[in-house]
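User: Please take a close look at the sheet in this model. I want the strand order, the pairing and what packs against the strands.

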Amino acid sequence: MVKRLTDDNFKKETSNGFSLVAFIAPWCPPCKRQAPVIDELDSEVGKLITVGRLDTDENPETSKEFSIMTIPTMMLLKDGKKVKQLTGFHNKEELIGMVGKYID
């Protein structure tokens, strides 16, 4: 299950191993299209990495810390540190390509 990330739990949930975080907002049409892709990705790689969503409107501190200016933004973290970032809508294959070399 995709984790619901917040300013309060972000560091704890992403501090160990790899995490793929979708920075989104409920009013954003591309974010709505991205949601089922994230769910599907979680069902395929969720046992290997943490997959989570963070609502940028409700969690401004974390969004500011990572300088999120565009949503959706997909960010791959290792032990809480940014490894790679993609902005805009991305299909499952693109996201698997983003994380694939790290989870083999």
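Analyst: The sheet comes first, then its helices, its core and a few single residues.

This is a predicted model, in which local features need pLDDT of at least 70, side-chain atom pairs count only at pLDDT 80 or more, and totals for chains, interfaces and linings use all residues. Residues are numbered from 1 along each chain as its sequence is written, and side-chain values use heavy atoms, with hydrogens and water left out.

Five strands make an open sheet. Their order is β1-β3-β2-β4-β5, and the pairing is mixed. Strands here are DSSP runs of E with at least two residues; helices are runs of H or I with at least four residues; both are numbered from the N terminus. Two strands pair if DSSP finds at least two bridges between them. β1 (3-5) and β5 (81-87) stand at the edges. Each has a single partner strand, so one side of each is left without a neighbour in the sheet. On average, neighbouring strands are turned by 25 degrees against each other, direction ignored. Axes are lines fitted to C-alpha atoms, for helices over the stretch in contact, and angles run from 0 to 180 degrees between N-to-C directions.

Now the pairs, taken in sheet order. β1 and β3 are parallel, with three bridges. Leu 5 has Leu 54 in β3 as its bridge partner. β2 and β3 also run parallel, joined by six bridges. There, Ile 24 stands opposite Asp 55 in β3. The chain goes from β2 through α2 to β3, and this β-α-β crossover is right-handed. That term applies if, with the strands pointing away from the viewer, the path from the first strand over the helix to the second runs clockwise.

On the other side of β2, the sense changes. β2 and β4 are antiparallel over six bridges. Phe 23 stands opposite Thr 73 in β4. β4 and β5 run antiparallel too, with six bridges between them. Met 75 has Gln 85 in β5 as its bridge partner. These two strands form a hairpin with two residues between them, and Asp 79 takes a positive phi near 50 degrees in that hairpin.

Which strands do the helices touch? α2 packs on the sheet and touches β2, β3 and β4. Its direction makes about 160 degrees with that of β3. α4 lies across β2, β4 and β5, running at about 5 degrees to β4. Contact means heavy atoms within 4.5 Å.

Two strands are mostly covered. β3 has five of its six residues buried. β4 also has five of its six residues buried. Buried means under 20% relative accessible area, exposed over 50%, and partly exposed in between (1.4 Å probe, protein chains only).

The largest nonpolar core has 31 residues. Such a core is a set of buried Ala, Val, Leu, Ile, Met, Phe, Trp, Tyr and Cys residues joined through side-chain atoms within 4.5 Å. Phe 10, Phe 23, Ile 49 and Leu 95 touch the most other members. β2 (18-24), α2 (29-45), β3 (50-55), β4 (73-78) and α4 (92-103) each supply at least two residues of this core. β2 gives the most, with six residues. Leu 95 touches Gln 34, Val 37, Ile 38, Leu 41, Met 74, Leu 86 and His 90, not counting residues up to four places away in sequence.

Tyr 102 lies in helix α4. It is partly exposed, at 27% relative accessible area. Leaving out residues up to four places away in sequence, Tyr 102 touches Phe 18, Leu 76 and Val 83. Tyr 102 and Ile 49 are 53 residues apart in sequence, yet 9.6 Å apart in space, C-alpha to C-alpha.

Lys 81 lies in strand β5. With a relative accessible area of 61%, Lys 81 is exposed. Lys 81 and Asp 57 are 24 residues apart in sequence and 22 Å apart in space, C-alpha to C-alpha.

Last, the cysteines. Cys 28 is buried because its relative accessibility is 3%. Cys 31 is buried as well, with a relative accessible area of 6%. A search of the whole structure finds zero disulfides, a disulfide being a pair of cysteine sulfur atoms within 2.5 Å.
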